[in-house]
Amino acid sequence: MSTPPPGSPWNAGGPPMAVPPPGGPGAVLPRDPRRFGPIVIAAFVLGELALFVAIASYLVPSLAWGALILGLGGLIVAVVAIARATARKLTPPDQPPASVTLTPWGEDPAAESMRGLVPVIVGAISSVAALAIAVISVIGQASATPQPVATLGAPTVTTSPATSITRPPSATSTTPSAPVTTERDSAPAPPDAKATHAPNPVPMGTAIPLVQNKTGLELTVTAHLIDTAAAPSIPSMKAAPGYTYVSANVTIANHGPGSFKPASAFAAFRLFTKDGKAYRASLLRPAKGPALDQYPEITEGSTVSGWVLFEIPAASPPTSLVYYGAGEWRV
């Protein structure tokens, strides 16, 4: 019998040679999914955690930034996991062909690898949803600052004597008041260098209409008067040397639509003094009259009123009170 040509699968008179397994030099083989198991778990856990934090940010707005970070991280990990799962390993031509070993269930590793992508895809979808929710939450917080409405006409002047200290009825809101500060810093808060005056300042006792740009919610804010002989409710919290306490009596009315829940009612006010500087409100309650609730939820058709305390230089009397840079009352 003639000798078979080189590379023939048969030998003359001998048993058949083993048939090469699937693949060969240059063959493309699927990647074993068990090699990237931890990254699959990480993509799924990050995605679900980001979605949970994003939903919770509607109750605690500050969590929106955490949801953004978790969602972005989960999406990056998911993309890496998908890239690794779909990658193929090229057998070099100078190496013997590798065989494709079936899984214990008789399944091709490529099919098992695709099935392993299910938690990765679920995690990626959760990460994208978390990013969308967090972005909407952050944009909503940024647009919560009310602005003046030019179309509402001139401010309506209400009767309020400028020479006597009278206080309006207490607020209709039942929200608990802010906690009392029991300690003070060694020095008062510095002036707010970014504070600006509002256009067209009006006299004390004038109601200024405002509106939120995004929601159309309409407010009326009134500064009634300034008490230059104010003091904190805690006698031991004396003003810093060279400083004095001043309080402002204000009312915020919500005309809707919907409720108005500012992040801090105090943070909206700035008190300008004779030296041209602006000072933030103190977290202390004034000793006289009800204090303005720091975290009110003003429902549509209701109002809140109260006193806001400021600590300013004794040598620079107050000249005007500003609300969000949109309304200003002359002292």
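The legends below describe close-up views of a predicted model.

**Figure 1. Overview of the protein chain in the predicted model.**
The chain contains four helices and 13 strands. Of its 331 residues, 38% are buried. Among contacts with a separation of 6 or more, 77% join residues 24 or more positions apart. The accessible surface is about 18100 Å², and carbon and sulfur atoms contribute 65% of that area.

**Figure 2. Helix H2, residues 63–85.**
The end C-alpha atoms of H2 lie 32 Å apart; this agrees with the 33 Å expected because 23 residues are counted at 1.5 Å a residue. Buried positions in H2 are Ala64, Ala67, Leu68, Gly71, Gly74, Ala78, Ala81 and Ala85. Two of these, Gly71 and Gly74, are touched by Ser127, a residue of helix H4.

**Figure 3. Surroundings of Ser127 in helix H4.**
Helix H4 covers residues 118–142 and includes Ser127. The relative accessible area of Ser127 is 0%, so the residue counts as buried, the cut-off being under 20%. Leaving aside residues up to four places away in sequence, Ser127 touches Gly47, Gly71, Gly74 and Leu75. Of these, Gly47 falls within the residue range of helix H1, 37–56, while Gly71, Gly74 and Leu75 fall within that of H2, 63–85.

**Figure 4. Nonpolar surface patch involving helices H1 and H4.**
The patch consists of Ile41, Phe44, Val45, Val118 and Val122, which together have about 410 Å² of accessible area. H1 and H4 each supply at least two residues, and the largest share, three residues, comes from H1. Ile41 is located in H1 and counts as exposed because its relative accessibility is 55%, above the 50% cut-off. Phe44 is also in H1, but at 33% relative accessibility Phe44 counts as partly exposed. The C-alpha atom of Ile41 is separated by 9.6 Å from that of Ala78, a residue 37 positions away along the chain. Ala78 is one of the buried residues of H2.

**Figure 5. Open five-stranded sheet with mixed pairing.**
The strand order is S5-S13-S12-S9-S10. The edges are formed by S5 (202–203) and S10 (278–280), each of which pairs on one side only. Strand S13, residues 327–330, pairs with S5 in the parallel sense over two bridges. Within this pair, Val202 is placed opposite Trp329 of S13.

**Figure 6. Hairpin formed by strands S6 and S7.**
Strand S6 (residues 206–212) runs antiparallel to S7, and the two pair over five bridges. One residue placement in this pairing sets Pro209 opposite Thr220 in S7. Five residues lie between the two strands of the hairpin, and Gly216 in the turn has a positive phi of about 75°.

**Figure 7. Strand S7 and its pairing with strand S8.**
S7 spans residues 218–227 and is mostly covered, with nine of its 10 residues buried. Side chains in a regular strand alternate between the two faces of the sheet. S7 pairs with S8 (residues 243–256) in the antiparallel sense over nine bridges. In this pairing Thr222 stands opposite Thr251 in S8. S7 also pairs in the antiparallel sense with S6.

Notes. Residues are numbered from 1 along each chain as its sequence is written. This is a predicted model: local features need pLDDT of at least 70, side-chain atom pairs count only at pLDDT 80 or more; totals for chains, interfaces and linings use all residues. Side-chain values use heavy atoms; hydrogens and water are left out. Buried means under 20% relative accessible area, exposed over 50%, partly exposed in between (1.4 Å probe, protein chains only). Contact means heavy atoms within 4.5 Å. Accessible areas come from the Shrake-Rupley method with a 1.4 Å probe; for residues, only the protein chains shown count as cover. Two strands pair if DSSP finds at least two bridges between them. The expected span of a helix is 1.5 Å times one less than its number of residues. Patches are made of residues with over 30% relative accessible area and no salt bridge: like charges are joined within 9 Å, nonpolar side chains (Val, Leu, Ile, Met, Phe, Trp, Tyr) within 5 Å. A salt bridge is a side-chain nitrogen of Lys or Arg within 4 Å of a carboxyl oxygen of Asp or Glu.
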